Structure formats: C-alpha cells, structure tokens
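Biologist: Please take a close look at the aromatic side chains of this structure. How are the rings paired, and where does a charge sit over a ring?

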Amino acid sequence: YHDKLEYLKRLFYKGDEDVPSLVKKKNPILALTVHKLISRSQSIFKALDNRLKFIEIVRHPLYMITQQSLNNENMMDSVRDFTLYFEFNGRQLPWYTFGWEKEFLSLNSFEQSILYIKKMNDLTNNTKKKLGKNCKLILTIPFEIFVKDPNNYMDDIAQHINSSITNKTLKELKRQKVPRKKYSDGLPLEIYKRCGWEKPEKDLSELEEFQKRRDFVELKASKKYMNILDKLCSDYELKYFKKKLNINGKYS
C-alpha cells in the first residue's frame, strides 16, 4: 500500500461497531491479487455488480510456459499449493483438470502447461461472454505493452478504479523498472529466478527472445502440443500486438 501511515493510524481506531460507518465514509478500495479468477467470477459479479472492478493482466504464452511447468513439477499436490484438488483413480489432481484427467496424467510438465493455458483461456473467454454488460467492468492489459509503454494504460487504470496517478504511483513504476527496454527485463529477485526468469541476452532482439523460448519448449513437447502452443501465440499476437509474429514456428 502506498501510504504506510494509513495502516498505523488504524491501530488507534475504535474498531468493532465503528468500522461500518468508517467504510461508508472513506469508501476504501479493497485490492485483491488473484490468479485466473475471471473464469470463475460469475457469482462474484452477481453479488457485487458494478462495485467489482477487475484489472486483468494477460501475458504472451511463451513467457508463461516455463513457470507453469515448474509449478507442475514442484508444487502439484504439495502442502504449499492451496489449489482445490479432487481425487481421480487414487491421485490428487487440481480442479482445472476435471474432464481431461487421463490426458493430463499422460503428458509431461510442458505439455500439461500448454493445455492448461489453452483451457484456462477458453474458460475465461466463455465467462466473459456470459457476463454481458458486466464484462465492461474488466480492464484487460497486455503485460508486454504495459512494461514498455505504461502511459498507454495508466489513465485507463486510474479511471477504471476511480482513483488518480500520484507521485507515489510513478515512484513505484520506477522501482519496478517500468518502462523497460525489453519484455524479458525485470527485477532479478530470487523468487523470479526460481520461477524460470533469466536475464535477457544483450544481443538478442525481441523476436529472437521469443524464438529462444519457443525452441526450448519444442525440445520438451510433441508436435501436437506445439501446434496448440503456436495457435495460442498467434491468437495472442493478433489480438494485442495487432500482427502475427509466429510464422510456421519461426519468428521473423
């Protein structure tokens, strides 16, 4: 939160019965960071209607594959994973595999990741169609465009949540190294490294960075699932970049 003093002041509030009136008076924004919730958000919209605002961050599939595959290898059915699980043939499987359990179990972690991204995209898109007018309460931001030119979206974000851009906003962007020169730039934190982040190669272009990631996945996944990945990439590029970068598996 940008104002630490606000939290310190709350230590001295009366609390209890006084809280509802404070909430009405200050009308604070309750900001929650969630993962893939839009695909299961209809009941939330039904309860909150236009009081609920989503800022949806989407990212190119090639920049998600490695982390998701590591999650499949290291997190699945572990005590650290709070995903909802169900039992299938004596195995504990995450909720999103329901209906394609046998296929999921037959795949390696990279192929599982490709199919996971596809099925979650399909669920999210279907939910958006069902939301009707409430879909306007979702602001979608492509990560790649934002980190290179945040000005494209900053005013939209502020307007979306009835807030404003302050010096603290700009300070936080700087702390996050935004804007960035390349999509693959970022903070060299250990948690990001454990999730597959690598410092971008100095001499590689943006398209060569894409190709490097695709070549790596191609060593792990069969042609069937590479075709699915290529389609996911093409759909993403046409929607957010307004042009198709992936040509027969080669970026040029």
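Modeller: A charge is taken to sit over a ring if NZ of Lys or CZ of Arg is within 6 Å of the ring centre and within 35 degrees of the ring normal. In this predicted model, Arg59 lies over the face of Phe143, at 3.9 Å from the ring centre. Arg10 is likewise placed over the face of Tyr7, with 4.9 Å to the ring centre.

As for contacts between rings, a search of the whole structure gives 12 aromatic pairs. One of these is formed by Phe45 and Phe54, a tilted pair with 5.7 Å from centre to centre and 35 degrees between the planes. Both Phe45 and Phe54 are buried. Another pair joins Tyr236 and Phe241: the planes stand at 90 degrees and the centres are 5.9 Å apart, so this pair is edge-to-face, planes over 60 degrees apart being counted as such. Tyr236 and Phe241 are buried as well. Ring pairs also connect Tyr236 and Phe241 with Tyr63, Tyr183, Phe210 and Tyr240 in a cluster.

The strands may be added for context. Strand S1 comprises residues 54-58 and runs parallel to S4, to which five bridges join it. Ile57 stands opposite Ile141 of S4. Strand S4, residues 138-142, is mostly covered, with four of its five residues buried.

One further aromatic side chain belongs to the surface: Phe12 contributes, with Leu5, Leu8 and Leu11, to a nonpolar surface patch of about 500 Å². Within this patch, Leu5 is part of helix H1, residues 4-10. Leu5 counts as exposed because its relative accessibility is 53%, the cut-off being over 50%.

Note on methods. Residues are numbered from 1 along each chain as its sequence is written. This is a predicted model: local features need pLDDT of at least 70, side-chain atom pairs count only at pLDDT 80 or more; totals for chains, interfaces and linings use all residues. Side-chain values use heavy atoms; hydrogens and water are left out. Buried means under 20% relative accessible area, exposed over 50%, partly exposed in between (1.4 Å probe, protein chains only). Helices (H or I, at least four residues) and strands (E, at least two) are DSSP runs, numbered from the N terminus. Two strands pair if DSSP finds at least two bridges between them. Patches are made of residues with over 30% relative accessible area and no salt bridge: like charges are joined within 9 Å, nonpolar side chains (Val, Leu, Ile, Met, Phe, Trp, Tyr) within 5 Å. Accessible areas come from the Shrake-Rupley method with a 1.4 Å probe; for residues, only the protein chains shown count as cover. A salt bridge is a side-chain nitrogen of Lys or Arg within 4 Å of a carboxyl oxygen of Asp or Glu. Rings of Phe, Tyr and Trp (its six-membered ring) pair if their centres lie within 6.5 Å; planes under 30 degrees apart count as stacked, over 60 as edge-to-face and the rest as tilted.
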